[in-house]
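This report treats one helix of the structure shown below and then turns to the contact between the chains.

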Protein chains: 2
Amino acid sequence: MKIVLDAMGSDNAPTVEVEGAIQAAQEFGHDLILVGDEARIIRELGKHRFSSERITVKHASEVIDMHDPAAISVRRKRDSSIVVGMDLLKKNQADAFISAGNTGAVVCAATLSLRLLPGIERPGIAIVIPTLKGVSVIIDVGANITPKPIHLLQYGIMADAFSRYILGKSNPTVGLLNVGEEESKGTEFIKEAHTLLSESKLNFEGNIEGRDVYAGKVDIILCDGFVGNVILKISESVADTIMQSLMQEIKADFLATIGAVLSSSAFHELKRKMDYSERGGAPLLGVDGRCIISHGSSSAKAIKNAIRTASEFVKQDVNKHIVEELESY
Amino acid sequence: MKIVLDAMGSDNAPTVEVEGAIQAAQEFGHDLILVGDEARIIRELGKHRFSSERITVKHASEVIDMHDPAAISVRRKRDSSIVVGMDLLKKNQADAFISAGNTGAVVCAATLSLRLLPGIERPGIAIVIPTLKGVSVIIDVGANITPKPIHLLQYGIMADAFSRYILGKSNPTVGLLNVGEEESKGTEFIKEAHTLLSESKLNFEGNIEGRDVYAGKVDIILCDGFVGNVILKISESVADTIMQSLMQEIKADFLATIGAVLSSSAFHELKRKMDYSERGGAPLLGVDGRCIISHGSSSAKAIKNAIRTASEFVKQDVNKHIVEELESY
């Protein structure tokens, strides 16, 4: 298996990309192509001991940064790591592409270069979240901020295949994120999506509310990319705020400090559960290729786990299952 | 000061309403009118020792429950506690109205009965949230799920007055909740709202992202009622999930259990900070009257604090300040 990694994407590029790639090559035995500034990547590689045959470097002279407008920069920066890397995937010189860079640019480059799967009109980013009952998937978290109701049905079908073949769920339940459970609630967009989902073959459980998401009420949560993006960032922020506030309180109290030391195993375990880097990147579903998007603040471990996610995506041939399911509609 | 309390609104009505009203009457010295099923309210009142002169009961034979469609039930259930209570406010027989009942019905009854302040086209529910820097206000959390850009400007002006006169902030900063900080990001709705806010007299700091909300980056967070409702419920759920998960981890480990006992003061302090019932209800801004909406799962303390919020609203005459500010536009 050969995986292309945008080495210039994350906030700490190319350091974490190089480190994550070396770990993945050693642990999983995959071949990796690092795309980006060759001199910088080689300098980073030189800091590590590793068997070099599994890792190659493909030079790309430009970088699309976080603040570049997505569509324009994909068209103009033809020698950027995102465009060059995606091109390798398009030409079948690799099995999957991973980037922790500008999400909009990755979505745009993937859509333009790889094209969409037959039956899919818009791609969606799916993210796996921890819940009280295990894990669930939210789609879309930002590929498409103004979807049509039919796109939510397509997201549901794609996330169903993802949940079955990657998360091993046999009949995943689907919920539509709304301001109330009643069918009469919500915008016209939500009501139309509700009708389409009710008539689908998905295991649709109707509307769910914000409070149901982390309670794990359903396996798949459907929402537009605006709402999905906001709730993803809010959730991370709430978690951080709570842990920081608790630590402030603990530091202010001597007994509490001793208590926290004794409880540290519990804190570490919770941190591990909540840590997105344990789960790897988020697949961009709907494009005709395997494309994984990682967090801008990814660590080397997050990159390594994104590579694992990409390889599972290849092995399980999720896209084939999505297309088969769509054909039955 | 005389405050009307819908005694039938919460999940535990009228028990918590009666208890909260008695506490408020004793602590704050306000007169309270409890509206609802007279026999049940009197039975609840009979369980407490209190000076009866401050609390009166107004009978209402019907209840609008959580699952009733808002607009229809306000029109049909003319003898419901929400409609009867709002009518007392409209006839100037009271200074403020509080309900922990069906939010949509309260918004609808308030809009129909009290009418809107001059210059306001849609009401918005403002909620005070704890942040790393203190408190901030989110508006709207569910009064209006399909606002126009101009309504967000109106929310901003109302929340500005609320922040100045109730939260004591001298020049509150305002942020527009979006998927990115750049002006080019977001839906057409967001971009138009951004333009209106940039041209306003508000202390507008531009777009903010989900992660900025609980970090306390701005004093006032503007969003449509759909997004606001979802993020409010998600935030509560994330907080609950984290605390439950932490407790599970702690219980599984003997040393951690001892540690948690030692740290319990820190846990309690955090819980108190996060507890919405400490902050009282959420004002419905924009209606020509003082109307406070409480959480359906309110405790007696939450009801008492909602009564305190209502009385501050009356004392500070927030609506007068809103109207003055709007006149300058």
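## Helix α13 of chain A

In this predicted model, helix α13 of chain A covers residues 300-316. At 1.5 Å a residue, its 17 residues should span 24 Å, and the end C-alpha atoms are 24 Å apart, so the expected and computed values agree.

Several residues of α13(A) are buried, including Ala300(A), Ala302(A), Ile303(A), Ala306(A), Ile307(A), Ala310(A) and Phe313(A). The buried residues of the helix also include Lys304(A), Asn305(A), Thr309(A) and Ser311(A). After α13(A) comes Asp317(A), which has a positive phi, near 50 degrees.

## Contact between the chains

Chain A and chain B each give 52 residues to the contact. On the side of chain A that touches chain B, two or more residues come from each of α8 (210-213), α9 (225-251), α10 (254-262) and α11 (264-274). The largest share of this side, 20 residues, belongs to α9(A). By residue class, the side of chain A that touches chain B holds 27 nonpolar, 16 polar and nine charged residues.

## Symmetry

How are the two copies related? A turn of 180 degrees with a shift of 0.0 Å along the axis lays chain A on chain B with an RMSD of 0.0 Å. This is therefore the relation of a two-fold axis. Gly259(A) is the residue of chain A that comes closest to the rotation axis, with its C-alpha at 1.7 Å.

Of the interface residues of chain A, 100% are also interface residues in chain B, so the copies meet through the same surface.

Conventions:
Residues numbered from 1 in each chain as written. Chains lettered and ligands numbered in written order. Predicted model: local features only at pLDDT ≥ 70, side-chain atom pairs only at ≥ 80, totals over all residues. Contact = placed C-beta atoms within 7 Å. Helix = DSSP H or I, 4+ residues; strand = E, 2+ residues; numbered from the N terminus. Nonpolar A, V, L, I, M, F, W, Y, C, P; charged D, E, K, R; others polar. Least-squares fit on C-alpha atoms with pLDDT ≥ 70 in both. Expected span 1.5 Å × (residues − 1). Buried ≥ 20, exposed ≤ 12 C-beta atoms within 10 Å, placed from the backbone.
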